[in-house]
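Grab your viewer and work through a few exercises on one chain. Each has a task sentence and a solution that goes step by step.

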Amino acid sequence: QVQLVESGGGLVQPGGSLRLSCAASGRIFSIDVMGWYRQAPGKQRELVAHITSGGITVYADSVKGRFTISRDNAKNTVYLQMNSLKPEDTAVYYCKANTRSSWSERYRDVWGQGTLVTVSS
């Protein structure tokens with residue numbers, strides 16, 4: 001079993017910054033892509049950004065230039081630095097990791113429990 005634990009959410013004023021962290025633990029053989037998704041009230045969950053084990057990144061257009069995703073492979077941790085936050089960034093942010101527990105297993109997606117980010121004055 002692999003678990004993901006997110007941290008770093010909270011309340012921030014527009015224009016402010018937050019840094020989210022997501023640490024993977026458990027039976028981990030390797031992790032391929034790690035990413036952040038978000039779900040605002042009444043909306044579908046959407047990709048924010050993801051990063052491969054080699055450091056290739058993809059961002060949603062709405063966060064390009066404001067958010068930065070990074071990871072520490074030795075710690076099985078992914079980060080999301082969020083700057084210039086806007087009220088429309090308010091959502092529950094979920095971490096996802098594509099991981100496997102042994103060389104013979106297929107990769108599968110594991111989700112964290114989510115952390116709430118609220119951008120409001």
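A residue counts as buried under 20% relative accessible area, as exposed over 50%, and as partly exposed in between. Keep in mind that this is a predicted model.

**Exercise 1. Get the overall picture.**
Work out what the secondary structure of the chain comes to, and compare the radius of gyration with the globule rule.

Step 1. Tally the elements: the chain comes to zero helices and eleven strands.

Step 2. Now the radius of gyration. The value is 14 Å, close to the 14 Å that the globule rule gives for 121 residues, so the chain is as compact as a globular protein of that length.

Step 3. Look at the extents too. The C-alpha trace spans about 50 × 25 × 25 Å along its principal axes.

Step 4. Check burial and contact range. Of the 121 residues, 42% count as buried. Among contacts with a separation of 6 or more, 56% come from residues 24 or more positions apart.

**Exercise 2. Find the core.**
Identify which residues have the most contacts inside the largest nonpolar core, then list the contacts of V48.

Step 1. Start from the general expectation: in soluble globular proteins, nonpolar side chains tend to be buried together.

Step 2. Here the largest nonpolar core has 29 residues, and W36, V48, F67, V78, L80, M82 and Y93 have the most contacts inside it. Strands that each supply at least two of its residues include β1 (2-7), β3 (18-26), β4 (30-39) and β5 (46-51). Further along the sequence, β7 (67-72), β8 (77-82), β9 (91-100) and β11 (115-119) each do so as well.

Step 3. Take V48 and skip its neighbours within four places in sequence. V48 is then in contact with W36, Y37, R38, V58, Y59, A60, V63, F67, L80 and Y93.

**Exercise 3. Follow V117.**
Decide whether V117 is buried or exposed, and say which residues it is in contact with.

Step 1. Place the residue: V117 is in strand β11.

Step 2. V117 has a relative accessible area of 0%, so it is buried.

Step 3. Leave aside neighbours within four places in sequence. The contacts of V117 are G9, G10, L18, L20, M82, D89, T90, A91 and Y93.

Step 4. Then try a C-alpha distance. V117 and L11 are 106 residues apart in sequence, but 6.1 Å apart in space.

**Exercise 4. Trace two hairpins.**
Say in which sense β4 and β5 pair, and find which glycine takes a positive phi in the hairpin of β5 and β6.

Step 1. Strands β4 and β5 are antiparallel, with five bridges. In this pairing, Y37 stands opposite L47 in β5.

Step 2. The two strands form a hairpin with six residues between them, and G42 in the turn has a positive phi of about 75°.

Step 3. Move on to β6 (residues 57-59), which runs antiparallel to β5 and is joined to it by three bridges. I51 stands opposite T57 in β6.

Step 4. The hairpin of β5 and β6 has five residues between the strands, and the glycine with the positive phi, near 95°, is G55.

**Exercise 5. Spot the unusual backbone angles.**
Find where N76 and S84 lie, and what phi N76 and S84 have.

Step 1. Recall the baseline: most residues other than glycine have a negative phi.

Step 2. N76 goes the other way, with a positive phi of about 50°. It lies in the loop between β7 and β8, and N76 is partly exposed because its relative accessibility is 24%.

Step 3. S84 also has a positive phi, near 50°. This residue is in the loop between β8 and β9, and its 40% relative accessibility makes S84 partly exposed.

**Exercise 6. Sort out the rings.**
Classify the pair Y94 and W111, and say which charged end sits over the ring of Y94.

Step 1. The structure holds two aromatic pairs. For Y94 and W111, the centres are 6.5 Å apart and the planes are at 80°, so the pair is edge-to-face.

Step 2. Y94 lies in strand β9 and W111 in strand β10 (residues 108-111), so the pair ties together parts that are 17 residues apart in sequence.

Step 3. Compare accessibility. Y94 is buried at 14%, whereas W111 is partly exposed at 36%.

Step 4. Add the third ring: ring pairs link Y37, Y94 and W111 into a cluster.

Step 5. Finish with the charges. The charged end of R45 sits over the ring of Y94, 3.7 Å from its centre. Elsewhere, R19 lies over the face of Y79, at 4.1 Å from the ring centre.

Conventions. Residues numbered from 1 in each chain as written. Predicted model: local features only at pLDDT ≥ 70, side-chain atom pairs only at ≥ 80, totals over all residues. Heavy atoms only, no water. Core = buried A, V, L, I, M, F, W, Y, C linked by side-chain atoms within 4.5 Å. Buried < 20%, exposed > 50% of the residue type's maximum accessible area, 1.4 Å probe, protein only. Helix = DSSP H or I, 4+ residues; strand = E, 2+ residues; numbered from the N terminus. Contact = heavy atoms within 4.5 Å. Pairing = 2+ DSSP bridges. Phe/Tyr/Trp six-rings, centres within 6.5 Å; stacked < 30°, edge-to-face > 60°. Lys NZ or Arg CZ within 6 Å of the ring centre and 35° of its normal. Rg over C-alpha atoms; globule rule 2.2 N^0.38 Å.
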